[in-house]
Amino acid sequence: MAEINRIVILTGAGISAESGIDTFRSAGGLWEQHKVEDVATPEGFARDPDLVLGFYDMRREALAKVEPNPAHRALAKLEAEFAGEFLLVTQNVDDLHERGGSRQVLHMHGELKSALCTSCEIRSPWDDTMANRPPCPVCQAPTLRPDVVWFGEMPYQMERIYGALGSADLFVSIGTSGAVYPAAGFVQEARQSGAQTLELNLEPSEGTHFFHEARHGPAGELVPRWVDEVLGAALS
Ligand code: APR
């Protein structure tokens with residue numbers, strides 16, 4: 001294995017599947033149960049805020065009932081023991097990376113446990129329902145929305161992500177279908193900057209042909225094994 005000093009990891013819904021959280025595009029997944037345009041767009045929120053707030057309240061409640069799995073914990077171990085630079089970017093809005101022990105997690109699509117006030121535009125930690133229109137903790141206006149990036153909105157911290165991709169030695173994509181940009185384009189960005197690229201996913205993703213290497217299977221098995229390899233190689 002070539003010397004690895006800077007690692008960027010991207011995770012998606014597949015890393016939380018074994019914890020019992022539905023993915024979006026699998027059979028019976030969230031986007032089969034709900035219409036994307038109704039619950040994950042600013043237009044849908046304007047049209048029917050009760051439906052949208054109820055949807056994210058339901059997901060927040062479901063999150064309280066699940067636990068991180070070995071894949072989450074393995075990434076926390078890698079963050080703690082890897083001597084080089086490490087950035088974990090997730091598309092997930094759950095907090096299972098943090099509950100699995102990860103300290104620095106960049107949530108590019110926002111977080112279920114955060115509220116965004118559409119009056120003062122301040123984000124506040126949030127672990128309760130929103131459908132009852134609670135007051136914003138900062139300005140008291142009853143105008144909270146889920147702090148989740150919807151389709152048509154700009155993901156968070158894109159400059160920082162592209163900066164890290166531009167100097168990475170290794171880019172690893174875990175549990176994502178590669179169906180949604182800009183995240184689906186990260187592998188090409190990293191590759192263009194000379195990074196090695198690896199896909200760890202249950203099945204080939206839409207962008208699997210862009211990766212130098214792809215391993216397919218459950219993240220709960222693939223990720224701990226891969227982390228042991230990286231840490232083992234670092235010792236030898
Ligand atoms: N282990 C590894 N991979 C898995 C597992 C598992 N146990 N279970 C499912 N997968 C894989 C699937 O094969 C699929 O490729 O995870 C991927 C999940 O894909 P999606 O449901 O499309 O989720 P994701 O890629 O995270 O979606 C991207 O789309 O809906 C928006 O904003 C939302 O962040 C989300 C974005």
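A residue is called buried here when its relative accessible area is under 20%. By this criterion, A71, H72, A74, L75, A76, L78 and E79 are buried in helix 6 of the predicted model. Helix 6 comprises twelve residues, 70-81, and because a helix is expected to advance 1.5 Å a residue, a span of 16 Å should result, which agrees with the 16 Å that separates its end C-alpha atoms. The N-terminal end of this helix is capped by N69, of which a side-chain oxygen lies 2.8 Å from the backbone nitrogen of A71, a residue that is itself buried.

The parallel pairing in the model includes an open sheet of six strands, arranged in the order 3-2-1-7-8-9. Strand 3 (105-107) and strand 9 (213-216) stand at the edges of this sheet, and each has a single partner strand, so that one side of each is left without a neighbour in the sheet. From one strand to the next, the twist averages 20 degrees. Within the sheet, strand 1 (residues 6-11) and strand 2 (residues 85-90) run parallel and are joined by six bridges, with L88 of strand 2 serving as the bridge partner of I9.

Antiparallel pairing is found around strand 4 (residues 110-117), which is mostly covered, six of its eight residues being buried. Strand 4 pairs with strand 6 (residues 144-148) over five bridges in the antiparallel sense, and the bridge partner of C117 in strand 6 is L144. Strand 4 is also joined by three bridges to strand 5 (residues 123-125), again in an antiparallel arrangement, where P125 is the bridge partner of S114. In the hairpin formed by strand 4 and strand 5, five residues lie between the strands, and E121 takes a positive phi near 60 degrees.

Note on methods. Residues numbered from 1 in each chain as written. Predicted model: local features only at pLDDT ≥ 70, side-chain atom pairs only at ≥ 80, totals over all residues. Heavy atoms only, no water. Helix = DSSP H or I, 4+ residues; strand = E, 2+ residues; numbered from the N terminus. Expected span 1.5 Å × (residues − 1). Buried < 20%, exposed > 50% of the residue type's maximum accessible area, 1.4 Å probe, protein only. Polar contact = N/O pair within 3.5 Å; in protein donor to acceptor, adjacent residues only side chain to side chain. Pairing = 2+ DSSP bridges. Axes fitted to C-alpha atoms, helices over the stretch in contact; angles between N-to-C directions.
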